[in-house]
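Colleague: I am new to this structure and would like a close look at a single part of it. Could you take me through one helix, its surroundings and the pockets that its neighbours help to line?

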Amino acid sequence: MDPQTYMDIATIVTKLKMYPYFDIAHYILMCVAVREDVLPQQAQSTPSLPFSRKHPLSSWLSSMLICFAGSIIANFLLGEPVITPFKDHQSIITATAVWYLVNYSPFDLIYKLCKFLPVKLIICVLKETQRAHKVYHGVLVAAKLYPGSYLIIVIIGTIKGAGSGLMKNFDRLTRGIWIPGSNEILQPSFATKASLVASIIFLCERLNLIAVPHPLIYFGVVLFFVYFKISSVVLGIHDPFVPLENLFCAIFMGGMWDALRRAAIKEPAKEDENKDPRNDVIKSKEEKKKD
């Protein structure tokens with residue numbers, strides 16, 4: 001591709017407006033995730049009655065918390081009103097309309113359409129483009145408030161991009177589910193890891209450590225998100241960071257030393273197993289003769 005054409009496409013992607021199409025794609029995936037986040041025992045107790053039919057208020061509140069999770073958590077950490085995301089009536093009405101269609105459309109048509117693979121891929125592409133936008137603007141906001149605090153900038157950018165995972169435990173509480181052993185801190189998802197990497201890249205750009213035009217960096221992050229999301233949906237590659245994490249932990253987190261210790265413990269045990277038990281019997285008989 002011609003470099004100038006690539007640069008023009010990158011510039012267009014950088015200037016895209018998120019509302020309504022990209023935001024709607026985000027709301028669809030979040031409402032579908034809330035609908036499918038049901039414990040096995042709950043599904044067995046009322047197999048023919050979805051949670052949204054039995055508890056519509058809880059389902060709506062849970063979906064809204066997930067839809068605006070990044071802004072809610074970021075505002076809380078930055079000392080701003082947590083309820084600020086809910087002052088945008090246009091976004092609330094749009095998210096509510098999406099929630100209603102996902103849960104209450106005739107014959108479950110909208111939900112089934114969203115689960116149809118070609119449609120799901122389009123929605124995921126729009127959603128990942130929005131994720132890059134959120135991460136970048138999270139980094140911008142944090143950099144204005146705390147210019148020299150790089151850790152805060154990266155944290156806010158990550159939360160903006162993957163706030164739904166961090167909100168999941170509180171969101172589940174509104175639906176009567178409590179699973180303390182499952183949270184984003186214990187088991188970070190690929191979305192959180194990718195948002196962290198993107199935040200670091202945008203921070204390095206602000207520090208002039210990456211001598212590349214901003215549209216190219218932004219477009220590269222969008223392609224990074226989109227590529228791995230499509231790989232996850234189509235090929236089942238859910239976390240490409242796992243091999244790197246395993247290698248890092250083996251070298252720097254004691255994995256190599258633990259392996260050496262286990263090998264050292266096993267060697268004496270093997271020597272004991274290789275000993276011939278008849279030798280012990282012969283020795284005991286010789287000792288008896290001496291006595």
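Modeller: A residue is called buried here when under 20% of its relative accessible area is left, and exposed when the value is over 50%. This is a predicted model, and the part I would choose in it is helix 11, residues 190-206. By that cut-off, the buried residues of helix 11 are Phe190, Thr192, Lys193, Ala194, Ser195, Ala198, Ser199, Phe202, Leu203 and Glu205. As for its length, the 17 residues of helix 11 should span 24 Å at 1.5 Å a residue, and because its end C-alpha atoms are 24 Å apart, the two values agree. Just after helix 11 comes Asn208, whose phi is positive, at about 60 degrees.

The buried residues of helix 11 are covered by elements that include helix 9, helix 10, helix 12 and helix 13, the last of these being residues 242-252. Helix 11 also belongs to the elements that give two or more residues to the lining of the largest pocket, and helix 9 (117-145), helix 10 (150-173) and helix 12 (214-235) are among the others. That pocket holds about 1,300 Å³ of space. Its lining has 50 residues, of which Met30, Ala33, Ser164, Lys168 and Lys229 are the closest to its centre. Helix 10 gives the largest share of this lining, nine residues, and by character the lining divides into 22 nonpolar, 14 polar and 14 charged residues.

One of the neighbours that cover helix 11, helix 9, leads on to another opening, the second largest pocket, where helix 9 supplies six residues, the largest share of the lining. About 520 Å³ of space lies in this second largest pocket. It is lined by 22 residues, and those closest to its centre are Asp23, Ser71, His133, Lys134 and Lys160. Helix 2 and helix 6, like helix 9, each supply at least two residues of that lining, which divides into seven nonpolar, ten polar and five charged residues.

To return to the part you asked about, then, helix 11 has buried residues that run from Phe190 to Glu205 in its list, has helix 9, helix 10, helix 12 and helix 13 among the elements that cover them, and gives two or more residues to the lining of the largest pocket.

Note on methods
Residues numbered from 1 in each chain as written. Predicted model: local features only at pLDDT ≥ 70, side-chain atom pairs only at ≥ 80, totals over all residues. Heavy atoms only, no water. 1 Å grid on protein atoms, 1.4 Å probe; cavity = no way out; pocket = protein on both sides within 12 Å on 5 of 7 lines; lining within 4 Å. Points joined across faces, edges and corners; volume = space filled by probe spheres on them. Helix = DSSP H or I, 4+ residues; strand = E, 2+ residues; numbered from the N terminus. Nonpolar A, V, L, I, M, F, W, Y, C, P; charged D, E, K, R; others polar. Expected span 1.5 Å × (residues − 1). Buried < 20%, exposed > 50% of the residue type's maximum accessible area, 1.4 Å probe, protein only. Contact = heavy atoms within 4.5 Å.
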